[in-house]
Amino acid sequence: MIEYENLKKVNEKLFSKYRDSFDSFIRSGWYVLGEQVSQFEKDFSSYVNTDYCIGVASGLDALILSIDAFDFPVGTEIIVPSNTYIATILAIVRNGFKPILVEPDIKTYNIDSLKIEEKITKNTKAILVVHLYGKACDMDVICDIAQKYNLRIIEDCAQAHGAKYKGQKVGSFGVGCFSFYPTKNLGALGDAGAITCNDENYMRKIKSLRNYGSSEKYFNDDLGYNSRLDEIQAGFLSIKLRILDDITNHKRYLARLYIDNLDEKFIKPVIDNDNYDVYHIFNIRHEQRDKLKQYLLENNIKTEIHYPVSPNKQKSMKNIIDGNFIISEEIHRTTLSLPISYFHTKNDINKIINIMNKFNVV
């Protein structure tokens with residue numbers, strides 16, 4: 001069986017260093033917001049090329065706090081892609097604001113930058129872009145629109161650690177929101193997240209919000225949260241960050257095998273010179289997706305679907321999202337995620353390609 005993912009295998013070569021990190025942590029006697037968090041924040045801001053990084057408890061919290069810190073007025077609308085994972089939209093709703101969904105580009109699966117402007121109103125305060133699957137959005141156009149209408153840019157980088165647009169890493173165009181959920185390219189051994197930015201006052205606000213709204217112990221200036229990056233996870237992340245480029249290069253190599261050798265009956269990810277893709281997910285599309293998934297399972301290949309239900313069709317969004325989103329629904333109906341983990345080998349991928357190319361629907 002070729003597994004879709006195996007987190008033990010992904011992390012195995014780091015186990016001894018993780019144990020050393022844990023030993024250092026437990027002996028320190030400082031278990032919340034200590035040296036390991038500070039070190040990771042420094043390391044990751046340097047990696048993303050931003051002035052600041054603030055560790056938080058999860059990717060969802062990163063999104064929620066990043067919106068909260070802007071102090072947008074009541075009635076705010078925030079533009080967001082219609083095919084994102086539900087967390088991106090939840091962050092807008094949890095702040096009491098209205099998500100305005102924009103259809104994706106059917107080729108890249110990222111928000112269609114040419115459709116954003118028509119959705120802007122006097123209540124629009126931000127564009128929340130999602131660098132889906134590990135491909136950066138069309139940031140030149142998006143930044144121009146944001147500047148024209150004086151909008152904030154918030155980046156959901158949960159799937160795109162190290163992805164670049166024209167040489168610039170995601171998370172540095174606006175406010176970057178990262179998830180370090182264990183399956184991510186830079187995955188912790190539990191929930192973890194971070195926010196990157198270049199504004200000192202904004203950084204201080206996020207640090208206050210993550211810690212009960214307090215910048216000074218027992219003095220609470222903001223209505224805050226308890227959303228601190230765990231000291232243990234920060235230590236693990238600093239270790240894994242050192243091999244993140246190796247992980248990315250391996251996944252890019254496996255992705256190239258798929259792209260060069262999979263039959264043209266499968267719709268494959270597009271490649272262009274402006275984007276450095278990191279392939280957190282390698283997705284293809286096919287009209288007979290469900291039959292293809294079952295066929296692969298019968299041939300001992302596990303796959304996933306990211307995601308089977310579009311946000312506008314989710315029960316929780318029934319009274320929140322209006323309208324139909326045809327392109328989004330088409331993507332969700334036909335997409336299939338193929339194995340592309342750090343532990344997969346060239347032989348694994350070639351076997352998958354060989355079996356997939358024999359797939360036929362009568």
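A helix here is a DSSP run of H or I at least four residues long, and helices are numbered from the N terminus. Keep that in mind as you explore, and remember that this is a predicted model.

**First stop: helix α2.** Select residues 15–28 to bring up helix α2, then pick out I26, which sits in this helix. Is I26 buried or exposed? Its relative accessible area is 42%, and since partly exposed covers the range between 20% and 50%, I26 counts as partly exposed. Now add F22, Y31 and V32 to your selection: with I26, they form a nonpolar patch on the surface. Together these four residues have about 350 Å² of accessible area.

**Second stop: a pair of helices.** Next, select residues 59–68 for helix α4 and residues 86–94 for helix α5. The two helices pack at an angle of about 35°, and their axes are 9 Å apart. Their crossing is right-handed. Which residues make the contact? Show the side chains of L60, L63, I64 and I67 on α4, and those of A87, T88, L90, A91, I92 and R94 on α5.

**Third stop: a loop.** Now jump to V309, found in the loop between α10 (289–298) and α11 (326–334). V309 has 35% relative accessibility, so this residue, too, counts as partly exposed. Try displaying I86 as well: V309 and I86 are 223 residues apart along the chain, with 9.7 Å between their C-alpha atoms. Finally, select Q314 and H332, the residues that V309 contacts once its neighbours within four places in sequence are left aside.

How values were computed. Residues are numbered from 1 along each chain as its sequence is written. This is a predicted model: local features need pLDDT of at least 70, side-chain atom pairs count only at pLDDT 80 or more; totals for chains, interfaces and linings use all residues. Side-chain values use heavy atoms; hydrogens and water are left out. Patches are made of residues with over 30% relative accessible area and no salt bridge: like charges are joined within 9 Å, nonpolar side chains (Val, Leu, Ile, Met, Phe, Trp, Tyr) within 5 Å. Accessible areas come from the Shrake-Rupley method with a 1.4 Å probe; for residues, only the protein chains shown count as cover. A salt bridge is a side-chain nitrogen of Lys or Arg within 4 Å of a carboxyl oxygen of Asp or Glu. Buried means under 20% relative accessible area, exposed over 50%, partly exposed in between (1.4 Å probe, protein chains only). Axes are lines fitted to C-alpha atoms, for helices over the stretch in contact, and angles run from 0 to 180 degrees between N-to-C directions. A crossing is left-handed if the near helix is turned anticlockwise from the far one by less than a right angle, and right-handed if clockwise. Contact means heavy atoms within 4.5 Å.
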